[in-house]
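Student: Could you go through this structure with me, one question at a time? I'll put it up here.

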Amino acid sequence: MVMSIDNVRGFALATSSSAFIGSSFVIKKIGLKKAGDAGVRAGSGGYSYLYEPLWWIGMTAMILGEVANFAAYAFAPAILVTPLGALSIIFSAVLAHFILKERLHMFGVVGCILCVVGSVGIVLHAPKEKKIDSVNEIWHLATQPGFIVYSCMAVVVALILIFWVVHRTEQRKMLAYIAICSLMGSLTVISVKAVAIALKLSFNGVNQFIYVPTWFFIVVVVICCLVQLNYLNKALDSFNTAVVSPVYYVMFTILTIIANMIMYKDWASQNATQIATELCGFVTIVAGTFLLHKTRDMGNEQSESSSLRGECELQNH
């Protein structure tokens, strides 16, 4: 299947976004280590990293990555852009292997390959982006009964989780935090896409910021992002990152794809084979992501055990 020009642009922007974001984690970690050697570490409440140029370079790379991801939604459907976020894990893992000497286990390599294979399947069979000439068209789609029901359900479920579930259970708190982030994240993506298209049309000479819906979508982006970041930080602070990250990726991506299916009906023009291939690609990425996260520390443990065995042998001799 031949990709449309807009899908190629969206793919290029999403891939470059993953490269920037993945490399930013490694660059920031180097900056944090250097700052920690010279002052109080960030984990101990220090802010000496703010004076470290490498940390700011990493932050700049992350901002560039988010801008590229934002722009990708203006050209390609969410079914193409959102799953490609998993590629940032690959860039981060590979760079950490060579630069930070955080060894990538063989199963981690398999996880990377699975992510790439799944991404290729999605990219080659992604639906074409619908031609939109005004933000009012997006507003019309957003006010259809199907999406209004989804939006109301997402907000109601998020409020129940925030004010009832989170305060009444400890065992399911991680899932509650991630569900809140994912529900708000799906609405964020819908609104980000609307704002990105508005900017794209405005740059082409058709000002979209004279319309009220554009500003409504901007407000939704700000509110949902703040809620999303708050509960994602709580999840990461309270639970193992190796568990939180893949679960969040899966739940966020599934809800984002569902929201876009309901609103934009991306799959209406596709046949069963194309949809099945995209689903298989997504499942493959999920498997690769879990495998990569679960085996992230195994390479370091293996190298440490090898070093200890080497020291013991030297002592015996």
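Student: Let me start with D133: is it buried, exposed or partly exposed?

Tutor: D133 is partly exposed, with a relative accessible area of 43%, where buried means under 20% relative accessible area, exposed means over 50% and partly exposed lies in between, using a 1.4 Å probe and protein chains only. Keep in mind that this is a predicted model, in which local features need pLDDT of at least 70 and side-chain atom pairs count only at pLDDT 80 or more, while totals for chains, interfaces and linings use all residues. Residues are numbered from 1 along each chain as its sequence is written, and side-chain values use heavy atoms, with hydrogens and water left out.

Student: Ok, and which residue does D133 form a salt bridge with?

Tutor: Its partner is K131, and the closest N and O atoms of the two are 2.7 Å apart, which fits the rule that a salt bridge is a side-chain nitrogen of Lys or Arg within 4 Å of a carboxyl oxygen of Asp or Glu. K131 itself counts as exposed, at 69% relative accessibility. As background, side chains of opposite charge can pair when their charged atoms come close.

Student: How many salt bridges are there by that rule?

Tutor: The count comes to two. Besides the pair we just discussed, D6 forms a salt bridge with R9, with 3.4 Å between the closest N and O atoms.

Student: Where do D6 and R9 sit relative to each other?

Tutor: They are three residues apart in helix 1 (residues 5-38), so about one helical turn separates them; helices here are DSSP runs of H or I with at least four residues, strands are runs of E with at least two, and both are numbered from the N terminus. In general, an α-helix has 3.6 residues a turn, so residues three or four places apart point the same way. D6 is partly exposed at 25% relative accessible area, and R9 is partly exposed too, at 44%.

Student: How many helices and strands are there in the chain?

Tutor: The protein chain has 12 helices and zero strands. Of its 317 residues, 45% count as buried.

Student: Switching topic, how many disulfides does it hold?

Tutor: It holds zero disulfides, a disulfide being a pair of cysteine sulfur atoms within 2.5 Å. Take C115, whose sulfur lies 6.5 Å from the closest cysteine sulfur, in C112, which is too far for a bond. C115 is also buried, at 0% relative accessibility.

Student: Next, helix 7: where is its kink centred?

Tutor: The kink, of about 40°, is centred on L161, where the bend at a residue is the angle between axes fitted to the seven residues ending there and the seven starting there. L161 is one of the buried residues of helix 7, which also include F147, Y150 and V166.

Student: And how far apart are the end C-alpha atoms of helix 7?

Tutor: They are 33 Å apart, which agrees with the 34 Å that its 24 residues (145-168) should span at 1.5 Å a residue, since the expected span is 1.5 Å times one less than the number of residues.

Student: Which residues touch the most other members of the largest nonpolar core?

Tutor: Among its 62 residues, those are I138, F147 and M263; a nonpolar core is a set of buried Ala, Val, Leu, Ile, Met, Phe, Trp, Tyr and Cys residues joined through side-chain atoms within 4.5 Å. The elements giving two or more residues to this core include helix 5 (106-125), helix 7 and helix 8 (173-203), and the largest share, 18 residues, comes from helix 8.

Student: What does S182 in helix 8 touch?

Tutor: Not counting residues up to four places away in sequence, S182 touches Y248, M251, F252 and L255, where contact means heavy atoms within 4.5 Å. S182 and M251 are 69 residues apart along the chain, yet their C-alpha atoms are separated by 6.0 Å. S182 is buried, with a relative accessible area of 0%.

Student: Last one, what is Q228 in contact with?

Tutor: Q228, which is found in helix 9 (residues 212-238), is in contact with C181, M184, G185, T188, Y248 and F252, leaving aside its neighbours within four places in sequence. Q228 is buried at 12% relative accessible area, and its contact C181 is buried at 0%.
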